[in-house]
Amino acid sequence: MKRNLLIALFLPMMTWALYQALVLAPTEQQLGDSQRIFYVHVPCAWLGFAGFLVVAIAGGLFLATGRERYDRVAQAACEVGVLFTTLVLVTGPIWAKNDWGLFWTWDARLTSTFVLWLLYVGYLMLRSNAVDPVRARKLLAVYGIIACLNVPFVYMSIMWFRTQHPAAVVGPRGGGISPEMRVALYANLAALLLLFVDLIARRTRLLAVEDELLALCAEVES
Amino acid sequence: MSFRSDFVAVVAAYSAVIGGIALYVSLLGRKQRLLGEQIAHLRGLLDGGHGGARR
């Protein structure tokens, strides 16, 4: 029951968030209804960043303590971060095609997000193909910390470069959105955050079961 | 922008998000089931019997 608490909270929360985003939030005057993609696109981007930040923190803790649990958390967070960043890279072009008339342009924000995604897909591929898993864990912890340096670059890219991507509308330098839009945005963020935490917890437990299976295999062989 | 293209874009984006999450959750569930079966099988072997799930 305790393990399913987050998912039990997520379902009604997400339903309410979708209602806020698709029905209650006002239609943006210039962008029209396609702006409603914003309410899932932006939270997915933030949670992708959060996932990669967790990879770096868990990797650092693994290097400091050597506890395998942190390594499992890093791998789980990387998978979930890649999932959310993939959703950003899918929803963004759908919105772009509608508003800019093209799916993709190689501007600083889009390109740096794509590079970020590639870095963490590379992390997962290296992990799954490691010949020496014990040594790979330490190397991947360092890789996760270095790759995380791209996160602030992606975030700041719209301020540092002239980009096709719109400027920030929330936060200290944001242009601002109406209170109803803000509610829809944070409702989606809260619902997806519950899912984010639940998925990392589930995947971490599953990785522990995988380690248990490897230990059992070794026991059977011996 | 026309209502039609806005509508299609919103439906496509939200479907992609829900579908992507559902796919990942179902893959986790499948992996969990397979691991459970394999562990039960190995435990059965270790106990000396033929207990556990067979593939």
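# Reading pockets and salt bridges in a predicted model

Q: Let me start with a single residue: is Arg72(A) buried or exposed?
A: Arg72(A) counts as buried, because its relative accessibility is 17% and the cut-off for buried is under 20%. Keep in mind that the model is predicted. Over chain A as a whole, 45% of the 222 residues count as buried.

Q: Which partner does Arg72(A) have in a salt bridge with closest N and O atoms 3.6 Å apart?
A: The general idea is that side chains of opposite charge can pair when their charged atoms come close. Here the partner is Glu68(A), with 3.6 Å between the closest N and O atoms. Both residues sit in helix H3 of chain A, and because they are 4 residues apart, about one helical turn separates them. Glu68(A) itself is partly exposed, with a relative accessible area of 38%.

Q: Which other side chain meets Glu68(A) in a salt bridge, at 3.3 Å from N to O?
A: That is Arg137(A), which pairs with Glu68(A) at 3.3 Å, N to O. This pair links distant parts of the chain, since Arg137(A) belongs to helix H5 and Glu68(A) to helix H3 of chain A, 69 residues apart. Arg137(A) counts as buried, at 18% relative accessibility.

Q: Which residues are linked with these in a network of salt bridges?
A: The network joins Glu68(A), Asp71(A), Arg72(A), Arg127(A), Arg137(A) and Asp211(A). A search of the whole structure finds 12 salt bridges over all chains. One more to look at is the pair Glu210(A) and Arg203(A), whose closest N and O atoms are 3.3 Å apart. Arg203(A) is buried, with a relative accessible area of 5%, whereas Glu210(A) counts as partly exposed at 21%.

Q: Now to the fold: how many helices and strands does chain A have?
A: Chain A has 7 helices and 0 strands. The C-alpha trace spans about 70 × 40 × 30 Å along its principal axes. For a contact between distant stretches of the chain, look at Arg182(A), which is found in helix H7. The C-alpha atoms of Arg182(A) and Tyr39(A) are separated by 9.0 Å, although the two are 143 residues apart along the chain.

Q: What volume does the largest pocket have, and which residues are closest to its centre?
A: In general, rolling a probe the size of a water molecule over the atoms shows where empty space is left. The largest pocket has a volume of about 900 Å³. It is lined by 40 residues, and those closest to its centre are His41(A), Val42(A), Trp95(A), His165(A) and Pro166(A). H3(A) gives the largest share of this lining, 8 residues. Divided by class, the lining has 27 nonpolar, 10 polar and 3 charged residues.

Q: How does the lining of the second largest pocket divide by class?
A: This pocket holds about 400 Å³ of space. Its lining has 18 residues, with Gln75(A), Arg127(A), Pro133(A), Arg137(A) and Asp211(A) closest to the centre. By class, 7 are nonpolar, 2 polar and 9 charged. Arg127(A), Arg137(A) and Asp211(A) are also among the residues linked in the salt-bridge network.

Q: Finally, which residues make the nonpolar surface patch?
A: Leu63(A), Val142(A), Ile145(A), Ile146(A) and Leu149(A) make this patch of about 440 Å². H5(A) supplies the largest share, 3 residues. Leu63(A) lies in helix H2 and counts as partly exposed, because its relative accessibility is 40%.

Technical notes. Residues numbered from 1 in each chain as written. Chains lettered and ligands numbered in written order. Predicted model: local features only at pLDDT ≥ 70, side-chain atom pairs only at ≥ 80, totals over all residues. Heavy atoms only, no water. 1 Å grid on protein atoms, 1.4 Å probe; cavity = no way out; pocket = protein on both sides within 12 Å on 5 of 7 lines; lining within 4 Å. Points joined across faces, edges and corners; volume = space filled by probe spheres on them. Helix = DSSP H or I, 4+ residues; strand = E, 2+ residues; numbered from the N terminus. Nonpolar A, V, L, I, M, F, W, Y, C, P; charged D, E, K, R; others polar. Patch = residues over 30% accessible without salt bridge, like charges linked within 9 Å, V, L, I, M, F, W, Y side chains within 5 Å. Areas by Shrake-Rupley, 256 points an atom, 1.4 Å probe, with all protein chains shown as cover. Salt bridge = Lys/Arg side-chain N within 4 Å of Asp/Glu carboxyl O. Buried < 20%, exposed > 50% of the residue type's maximum accessible area, 1.4 Å probe, protein only.
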